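This report looks at enclosed spaces, chain contacts and some backbone details of one structure. The sequence and the coordinates come first, and the discussion follows.

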Amino acid sequence: MSLIEFNDVSFSYPNGFLAVDQVSFTIESGENVAIVGQNGAGKTTTVKMINGLIKPTSGKVYVNGKDTADYTTATLSREAGYVFQNPDDQIFHNTVRKEIEYGPRMLGFDEEKVQDLTQQAAHLARVEDYLEENPYNLPLSVRKFVTIASVLAMDTEILIFDEPTAGQDVAGLETLQHLLQQLQAMGKTAITITHDMDFVKTNFKKIFVMANKKLLRQVSPKALFQDRQLLEQAMLTQPFIMQLAEEIGLEDDILTIEDFVHAFSKNY
Amino acid sequence: MVMGLIDLKNVTYTYPLADEPSIKDFTYSFEQGKFYAILGANESGKTTLCNIIRGFIPDFFQGELTGEVLFNQEPLSHYTLSELAPYMGYVFQNPFNQITGARDNVFEEIAYGLENLGVAKGDIEKQVKDIMEMTNIMSLADKNPFELSGGQQQRVAFASILALSPDIFIIDEPTSQLDPQESERIFDIIHQLKNAGKTIILVEHKIELISEYADEVLVLEEGRLICSGKKHDVLSDISLKERQIDLPETTLLADALRKAGYNIPEKLITKEEMKAALMAHIKGVSQ
Amino acid sequence: MGEITLPKNRITTLYPLTKCAFSLLIVLVAITTFNIYGKLAILAAINLLAALSGVWQLFNQRLFKSVGILIVLITLLQTFFYPGHDVLFALGRFTATREGLTFALKLGLNLANIGGAIIWLFTVTTEKDFVLALEKQGMSAKASYVVLSTLQMVPVLKKQSQLIMKAQSARGVETEGNVFVRAKAFVPTLIPLVLSSIQGTEERALTLEARGFSLDRPKTYYYDIHPEPRDKMLVTATGILAVAYVIGKVVYWLWV
């Protein structure tokens with residue numbers, strides 16, 4: 001069985017509003033997946049079903065062999081860590097250290113392991129310098145990393161990031177990139193929702209494209225950005241460099257500046 | 001030195017309890033009708049600078065402010081925060097916090113500032129309708145502002161400021177919480193402001209937008225103005241990359257092509273400019 | 001606010017302060033009437049007023065939800081525990097006394113009458129109109145802002161707290177289950193709620209300034225209400241009635 005399995009999953013709100021429509025997919029242990037699509041495409045609702053924040057109204061979701069319908073979110077939080085889009089919905093301690101320690105403590109790890117995990121998570125999210133600070137004295141972009149660290153410290157096999165790139169500067173994006181690489185090296189499974197196509201093209205090999213409450217395709221970045229119809233359906237735009245390459249008549253599989261220079265020097 | 005609309009002279013500001021100033025010896029003259037973009041890493045002082053220009057510092061946030069801040073050659077401190085409302089609009093990063101809560105529908109929310117100014121009822125009606133059309137929120141008129149999406153709330157925030165028709169707009173990362181489609185709508189509004197000849201001071205990470213629309217670019221690093229000037233001069237400066245400043249893809253590509261031995265013209269920052277240069281090169285090669 | 005549309009009739013369209021005067025008169029009569037039949041008559045009168053205003057059902061729902069449960073509780077407790085000799089019936093070692101029941105009914109009717117007068121007022125008057133009328137009467141703009149924005153923020157905060165609860169459960173806080181489990185989850189929910197609303201307050205205060213909130217000049221009321229001539233008449237009449245009632249009451253006491 002795969003680590004995460006969605007079988008024909010739909011979700012409608014009590015008022016009848018359909019948010020996710022018959023989605024099926026599997027994610028294997030150690031995969032690093034991006035989910036893209038317009039707002040309202042059903043991305044957040046889909047990932048919330050992985051840790052049971054939302055239970056499917058029809059279909060089945062299995063995480064590590066567990067049918068999520070049979071478990072509470074608190075129990076599923078041992079399998080999948082979820083970083084909310086808005087850090088302020090999550091933070092409730094007066095120092096960054098206490099905030100990070102909270103998760104592993106709740107999971108009942110011994111003190112030594114709590115300290116180890118806290119240290120490691122703070123290091124990965126690059127918030128070590130802020131450990132004794134009050135999170136609310138830090139800017140929003142740093143608070144987001146505090147929440148990332150506090151979820152990392154729970155040492156779950158699966159990590160879900162909802163819009164981590166929003167409002168980040170160059171340094172913040174670099175930290176995220178490094179973090180995803182480290183998680184891969186540790187054999188973790190990561191799922192990231194993002195609108196940032198430049199971030200997608202450099203950090204993921206597998207992309208789930210969602211539109212209109214459905215999962216349209218699972219593709220590689222090149223396949224996604226070459227497929228005009230798919231881009232249009234999901235209301236996504238090509239990365240700048242690819243647009244430019246096409247406009248001056250270069251090949252259509254150019255994703256990076258290096259690709260561009262290479263193709264350009266081959267032709268001209 | 002030429003006197004501008006807003007002049008800052010040797011401004012240094014330290015937040016209460018902070019060890020170090022957030023803005024250090026800042027001198028700049030903002031002129032009427034220009035579009036200024038402020039760049040810099042997070043915590044480099046961009047928002048603080050906006051707060052100084054609008055007078056929130058030192059009026060609302062305490063701390064130590066030295067140097068001069070002049071508005072129309074007059075010290076900004078001669079005005080109260082509310083007195084500045086018809087002259088300087090401010091749009092914040094967080095859409096939700098800009099809903100006043102004083103009114104329970106979008107139309108009255110937008111009219112709220114005009115009510116406070118004592119504008120006649122008939123004029124309010126007309127002005128609010130015009131603004132709602134411009135910002136494309138006519139269909140939201142009867143909705144409760146708290147029940148809107150973040151993007152819609154941000155458009156309501158813009159509309160509420162626009163209703164006061166200030167000449168100066170200070171806009172702090174208006175799209176960082178929004179998705180691409182909603183961001184696009186906000187950019188459209190900012191573009192309309194520019195066309196209407198407003199003075200715009202914008203903090204924004206989305207560099208491609210800035211390279212397209214801004215006139216001047218200011219770069220902050222740890223509270224210091226490290227570079228400023230016409231956008232073509234600043235944004236084509238590849239040395240800023242090492243200082244963690246996001247540069248347009250065109251600048252990065254131009255640098256890579258130059259390193260590969262191509263003779264790319266200086267000061268290209270937009271895609272169209274790059275395309276023209278490359279097409280010229282291709283034409284030269286094929287002849 | 002604004003969820004239930006008021007029926008438009010002669011009573012609901014009265015100026016808020018007129019309705020407020022009615023309500024105050026009822027409260028005055030209620031607190032000075034000690035006879036149980038008198039109290040019942042007042043309750044009937046309030047019900048009649050609610051029916052005439054076209055909100056009888058809604059009024060009673062609200063009355064029950066706010067003071068109804070309290071009244072039931074008081075009646076039970078006082079009937080059994082108020083010291084008395086006239087035993088009505090017994091349940092095990094507890095005896096219900098007539099004195100207890102009478103005391104409980106009086107207390108309960110007082111609550112229903114005073115509560116009812118106020119609930120009727122806010123069932124036939126929107127908070128928006130009421131606050132606006134007070135502001136025009138000289139209440140500070142700051143006070144009216146506080147009232148209106150608080151009313152608007154309640155549903156927003158409720159939604160926010162549900163979201164925070166979810167975020168906490170994703171970090172291993174058990175939020176599903178019995179009362180004790182949920183009570184334990186409550187504190188971690190409360191703190192981010194308070195902190196993020198404090199954070200928002202600062203920006204909201206600046207937003208208000210950016211809309212000219214503290215300008216010292218006459219404001220326009222885009223949404224406006226005015227007292228009609230009949231409002232003036234009714235308020236005067238209510239005032240005269242109140243004075244007459246007080247004089248009558250005093251005279252009655254002195255004579256009897």
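The largest cavity has a volume of about 270 Å³, in a model that is predicted. Its lining is made up of 21 residues, and those that lie nearest its centre are Ala102(B), Arg103(B), Tyr112(B), Glu135(C) and Leu148(C). Three helices, namely α3 of chain B together with α5 (127–136) and α6 (141–169) of chain C, each supply at least two residues of this lining, and the largest share, 5 residues, comes from α6(C).

In total the structure holds 4 cavities of 30 Å³ or more. The second largest of these has a volume of about 80 Å³, and its lining residues include Leu117(A), Gln120(A), Ala121(A) and Leu124(A), as well as Leu152(A), Asp155(A), Met186(A) and Lys188(A). Helix α4 (residues 111–124) of chain A gives the largest share of the lining of the second largest cavity, with 4 residues. The table sets out the residue classes of the two linings.

| Cavity lining | Nonpolar | Polar | Charged |
|---|---|---|---|
| Largest cavity | 10 residues | 4 residues | 7 residues |
| Second largest cavity | 8 residues | 1 residue | 2 residues |

The next topic is the contact of chain B with chain C. How many residues does each of the two chains bring to the contact? Chain B brings 41 residues and chain C brings 30 residues, and the area buried between chain B and chain C is about 3,300 Å², of which carbon and sulfur atoms give 57%. Within the area that chain B buries against chain C, Ser82(B), Asn97(B) and Asn116(B) supply 18%, more than any other three residues.

Turning to polar interactions, 24 residue pairs are in polar contact across the interface of chain B and chain C, counting pairs in which both residues are at pLDDT 80 or more. On the side of chain B that touches chain C, at least two residues come from each of α3 (106–117), α4 (121–134) and α5 (150–162) of chain B, and α3(B) gives the most, with 9 residues. By class, the residues on that side of chain B divide into 20 nonpolar, 12 polar and 9 charged. There are 3 salt bridges between chain B and chain C, and a salt bridge joins the side chains of Asp104(B) and Lys128(C), at 3.0 Å from N to O.

Over all chains, the structure holds 34 salt bridges. Within chain A, Glu132(A) forms a salt bridge with Arg97(A), the closest N and O atoms being 2.7 Å apart. Because Glu132(A) lies in the loop between α4 and α5 (140–152) of chain A while Arg97(A) lies in helix α3 (residues 96–106) of chain A, the pair ties together parts that are 35 residues apart in sequence.

Two backbone details of chain B complete the account. Most residues other than glycine have a negative phi, and most peptide bonds are trans. The peptide bond from Ile57(B) to Pro58(B), however, is cis, with omega near 5°, and Pro58(B) has its place in helix α2 (residues 56–59) of chain B. Gln73(B), although not a glycine, has a positive phi of about 65°, and Gln73(B) is found in the loop between β4 (64–71) and β5 (74–75) of chain B.

Technical notes:
Residues numbered from 1 in each chain as written. Chains lettered and ligands numbered in written order. Predicted model: local features only at pLDDT ≥ 70, side-chain atom pairs only at ≥ 80, totals over all residues. Heavy atoms only, no water. Contact = heavy atoms within 4.5 Å. Buried area = accessible area lost by both parts, 1.4 Å probe. Salt bridge = Lys/Arg side-chain N within 4 Å of Asp/Glu carboxyl O. Polar contact = N/O pair within 3.5 Å; in protein donor to acceptor, adjacent residues only side chain to side chain. Nonpolar A, V, L, I, M, F, W, Y, C, P; charged D, E, K, R; others polar. 1 Å grid on protein atoms, 1.4 Å probe; cavity = no way out; pocket = protein on both sides within 12 Å on 5 of 7 lines; lining within 4 Å. Points joined across faces, edges and corners; volume = space filled by probe spheres on them.
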